[in-house]
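Student: Could you take me through one part of this protein slowly? I'd like to see how a single residue sits among its neighbours, and then how the strands around there are put together.

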Amino acid sequence: MASWFQQLFLILTALTVLPVQAQQDSSNNDGTVVIKPIQIIEPDITLRKTSQAKIDDEVFEAGVFAGVISIEDFGTQPLYGVKASFHATEDFFLQANYGVSKAGRTSYETINGNGVNILTDGDREFRYYDLLVGYNLFPGEAFITRNLTLNTAFYLVAGAGNTRFAGDDHFTLVIGSGYRVILSDWLTWNLDYRDHIFKTELLGREKNSHNIELTTGLTVFF
């Protein structure tokens, strides 16, 4: 009897409370759509201020270089010279070079002593001039410190010129590459590789003589 009475009491309570709760929810939802403003979160990024050297509008470049050259059959000797460039566009430039060195002794001369000389002292002078076309293949940047960035460029060159060696003038083809670092808006540092190729019969048979040079130097823009 008690259980039946308890079930009846719970049913009556549910019928009384649920309609009231439904009425309260209905009164809170009056059909108005509330649009909350969009909150834009700014990223916490602090831009790093860097110092970057670059050439303004100067197109002429001139400077000096020094290094070594491997004169085929005559050993590796010091080399020095001057260069001048005209930057026709951002990618292409013309470059003129003049270099001086002096050949050493061949292996044959060294083995047979000082009395055997293939060339006179004057004929051992190695002088060249050439005109090259250059192309800035990979312009880029070098990050020296956190606040210092330098513009750079890896370039290719090719051209022709003349080499005075062993008492003769030789038409010479030149191919090479280089790396330029712009230190300021007027000063650059360069590291260059060149191969000077010409025909010679100096040692009894005709062949292409490859003379490899590796130099470094400074140039100014104006």
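Tutor: Here is a walk from one residue out to some strands and loops, and keep in mind that this is a predicted model.

Let's start with Thr219, which you'll find in strand S9, covering residues 207-221. Is Thr219 buried or exposed? With a relative accessible area of 1%, Thr219 is buried, because that value falls under the 20% cut-off.

So what does the Thr219 side chain meet in there? One partner is Glu61: the two side chains make a polar contact at 2.6 Å. Another is Asn190, whose side chain has a polar contact of 3.3 Å with the side chain of Thr219. If you leave out residues up to four places away in sequence, Thr219 touches Glu61, Ala62, Gly63, Lys83, Trp186, Leu187, Thr188 and Asn190. Try clicking through those on your screen.

Now for the strands. Strand S2 spans 60-70 and strand S3 spans 76-86, with a loop between them. Asp73 belongs to that loop. Its phi is near 75 degrees, which is a positive value in a residue other than glycine. As for exposure, Asp73 counts as partly exposed, because its relative accessibility is 34%.

Follow the chain on from S3 and you get to strand S4, residues 92-102. S3 and S4 form a hairpin, with 5 residues between the two strands. They run antiparallel and are joined by 8 bridges. To see how they line up, find Phe86, which stands opposite Leu94 in S4.

S4 also pairs with strand S5, residues 125-143. That pairing is antiparallel too, over 11 bridges. Here you can look at Phe93, whose bridge partner in S5 is Gly134. While you're looking at these strands, here's a handy rule: in a regular strand, side chains alternate between the two faces of the sheet.

One last stop is the loop between strand S6 (148-165) and strand S7 (168-182), where you'll find Ala166. Ala166 has a positive phi of about 60 degrees, although it is not a glycine. Is Ala166 buried or exposed? Ala166 counts as buried, because its relative accessibility is 17%. So you've now met two loop residues with positive phi: Asp73, which is partly exposed, and Ala166, which is buried.

Technical notes. Residues are numbered from 1 along each chain as its sequence is written. This is a predicted model: local features need pLDDT of at least 70, side-chain atom pairs count only at pLDDT 80 or more; totals for chains, interfaces and linings use all residues. Side-chain values use heavy atoms; hydrogens and water are left out. Helices (H or I, at least four residues) and strands (E, at least two) are DSSP runs, numbered from the N terminus. Buried means under 20% relative accessible area, exposed over 50%, partly exposed in between (1.4 Å probe, protein chains only). A polar contact is a pair of N or O atoms within 3.5 Å; within protein, one must be able to donate a hydrogen and the other to accept it, and residues adjacent in sequence count only if both atoms are side-chain atoms. Contact means heavy atoms within 4.5 Å. Two strands pair if DSSP finds at least two bridges between them.
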